[in-house]
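Reader: I would like a close look at one part of this model, the surroundings of the bound ligands, and then at the strands, loops and domains that frame them. Please take it slowly and connect the pieces.

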Amino acid sequence: MNNTCPANKDYSNITFIESECSDGMCCFTCVIPPNNGHISFLKSFWRNGTGAFCVKLLVMSEGCKNELYDSCKFLDFIISQNSENSNLRMNLRCSIYKSRPKPCMEYPDRAGGSYHKISGPCIYNEYTASGIYKQLVYKRDWQAFFAIRDQSGVIQNIFPDKDAALARELLLKVKDVHPALISEGTKESEYILIPIQKQADNILYTSEQHQPITTIEKAYNRWEEKIQKNLQHHYKHEWEAMLKNAIEMEERDASQRRDEDTARNIKC
Ligand code: SF4
Ligand code: SF4
C-alpha cells in the first residue's frame with residue numbers, strides 16, 4: 001500500500017454519530033459469508049446500500065499482510081457535516097434493517113455457522129478492547145480503517161449533502177484521513193482511508209449477553225468457548241499458561257495505573 005498525505009490539513013474530526021452500532025463493522029466481516037451468501041435469491045434484487053462494492057474495511061497489523069473486506073451490499077454508509085462545529089460524522093446502517101437475514105438478527109448474541117452457534121464479543125467490542133487482549137486472542141494488535149473508493153460518484157453517494165469535490169476536500173482535511181493505493185488482486189486502486197475511532201461508550205452494541213470487554217478474565221468467563229478455541233489454535237498445549245500470564249499482566253498494569261493516579265492526587 002502506498003500512502004500520500006496532503007499538506008493542507010486543518011485537523012477537523014470525523015466520528016460516528018452517537019448511536020448504537022453506527023460503526024457497522026460486523027457488516028463487513030462477521031455476519032456475511034463471501035459473495036453475500038446470507039442474502040436470499042429474492043433479496044439479492046433489492047437496491048444496494050450506499051457503501052456497496054465501494055467502501056471496504058481494511059485491517060492492518062505490524063508484520064502481517066493487510067486484510068481487505070467487502071461490505072454487505074445492503075450497508076448504507078453516510079457522512080454528514082455537523083452544523084455546530086463543522087466536524088464530520090459517519091453513520092453505517094443496514095438499509096433493510098427490519099427484513100435483515102436471521103444471522104444478522106442474532107449477531108452478536110448468537111454467532112457462528114448454521115450448525116454450531118457460538119457466542120462471542122462483536123468485532124467492534126474486540127477492536128476497542130486493550131492491546132493485551134488482542135495480543136492474547138489474535139496474537140497481534142490491529143488498526144482498522146474504512147477504505148472508500150476515491151471516485152466522485154462514490155463520494156457523492158456517501159456524502160449526499162455536499163458537492164462531491166467539496167466533500168472530498170472536507171474528508172482529506174480530517175486528521176489522519178489520507179489517500180492510499182491499495183492492491184486488489186493484480187491491480188492497484190485509489191482509496192481514501194478513514195481510521196476507525198474507538199468510541200465504545202456510545203456506539204458499542206450491548207445486551208445482557210453482550211457486555212464491553214473490560215478485562216480478559218471477565219471476557220473469558222463470558223465467552224469461554226470462543227476465546228478458548230482461539231487460544232488453543234494459537235498456542236496449542238500452552239494456551240492455559242498464556243491466558244494466566246495475560247490476566248496477570250493486565251492486573252499488574254491496572255494496579256500500576258491506580259498507584260500513579262493516587263500519587264498524582266496526593267501531589268495536587
Ligand atoms: S457494535 Fe458490534 S454489533 Fe454493533 S455494528 Fe458494531 S460490530 Fe456490529
Ligand atoms: S443485511 Fe444488514 S445487518 Fe446484515 S450484514 Fe447486510 S447490512 Fe449488515
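Author: What follows begins with the residues around the two ligands and then moves outward along the chain.

The model is a predicted one, and the description should be read with that in mind. Around ligand 2 stand Cys27, Val31, Ile32, Cys72, Phe74, Leu75, Cys94, Ile96, Arg100, Pro101 and Cys104. Sorted by class, this shell has 10 nonpolar residues, one charged residue and no polar ones.

Two members of that shell, Leu75 and Cys94, also face each other in a sheet, since the bridge partner of Leu75 in β6 is Cys94. The strands concerned are β5 and β6 (residues 88–94), which pair in the antiparallel sense over seven bridges. They belong to an open sheet of three strands, arranged in the order β2-β6-β5 and with mixed pairing. Within this sheet β2 (14–16) and β5 (75–81) are the edge strands, and because each has a single partner strand, one side of each is left without a neighbour in the sheet. The average turn between neighbouring strands of the sheet is 25°, with direction ignored.

Turning to ligand 1, the residues around this molecule are Cys21, Asp23, Gly24, Met25, Cys26, Pro108, Cys122, Ile123, Tyr124, Asn125, Leu204 and Tyr205. The class count here is nine nonpolar, two polar and one charged residues. Pro108, one of the residues in the shell of ligand 1, deserves a separate remark, for the peptide bond that joins Tyr107 to Pro108 is cis, with omega at about 0°. Pro108 is placed in the loop between α1 (102–106) and β7 (111–112).

Another loop with a backbone feature to note runs between β2 and β3 (55–60), and Phe53 lies in it. Phe53 is not a glycine, and yet its phi is positive, at about 65°. From there the chain can be followed into β3, which pairs with strand β4 (residues 67–70) in the antiparallel sense over four bridges. Across this pair, Leu58 stands opposite Leu68 in β4. The two strands, β3 and β4, make a hairpin that has six residues between them, and Gly63 in the turn takes a positive phi of about 80°.

A second hairpin is formed by β10 and β11, with two residues between the strands, and its turn holds Gly185, whose phi is positive at about 65°. Strand β10 (residues 178–184) runs antiparallel to strand β11 (residues 187–195), and seven bridges join them. In this pair Ile182 is found opposite Ser189 in β11.

To place these parts in the whole, the protein chain is divided into domain 1 (2–206) and domain 2 (214–268), and the C-alpha centres of domain 1 and domain 2 are 28 Å apart. Domain 1 gives 10 residues to the contact and domain 2 gives 13. On the side of domain 1 that touches domain 2, helix α3 (residues 131–138) supplies the largest share, namely four residues. By class, that side of domain 1 is made of six nonpolar, three polar and one charged residues.

Further along the chain comes helix α8 (residues 224–235), whose 12 residues reach 16 Å from the first C-alpha to the last, close to the 16 Å expected at 1.5 Å a residue. Just after α8, Lys236 has a positive phi of about 50°.

To return to the starting point, the shell of ligand 2 includes Leu75 and Cys94, which are bridge partners, while the shell of ligand 1 includes Pro108, where the peptide bond from Tyr107 is cis.

Conventions
Residues are numbered from 1 along each chain as its sequence is written. Chains are lettered from A and ligands numbered from 1 in the order in which they are written. This is a predicted model: local features need pLDDT of at least 70, side-chain atom pairs count only at pLDDT 80 or more; totals for chains, interfaces and linings use all residues. Domain bounds come from an automatic or database domain assignment. Two residues are in contact if their C-beta atoms, placed from the backbone, lie within 7 Å. Ala, Val, Leu, Ile, Met, Phe, Trp, Tyr, Cys and Pro count as nonpolar, Asp, Glu, Lys and Arg as charged, and the others, Gly among them, as polar. The expected span of a helix is 1.5 Å times one less than its number of residues. A residue is near a molecule or strand if its C-beta atom, placed from the backbone, lies within 6 Å of it. Two strands pair if DSSP finds at least two bridges between them. Axes are lines fitted to C-alpha atoms, for helices over the stretch in contact, and angles run from 0 to 180 degrees between N-to-C directions.
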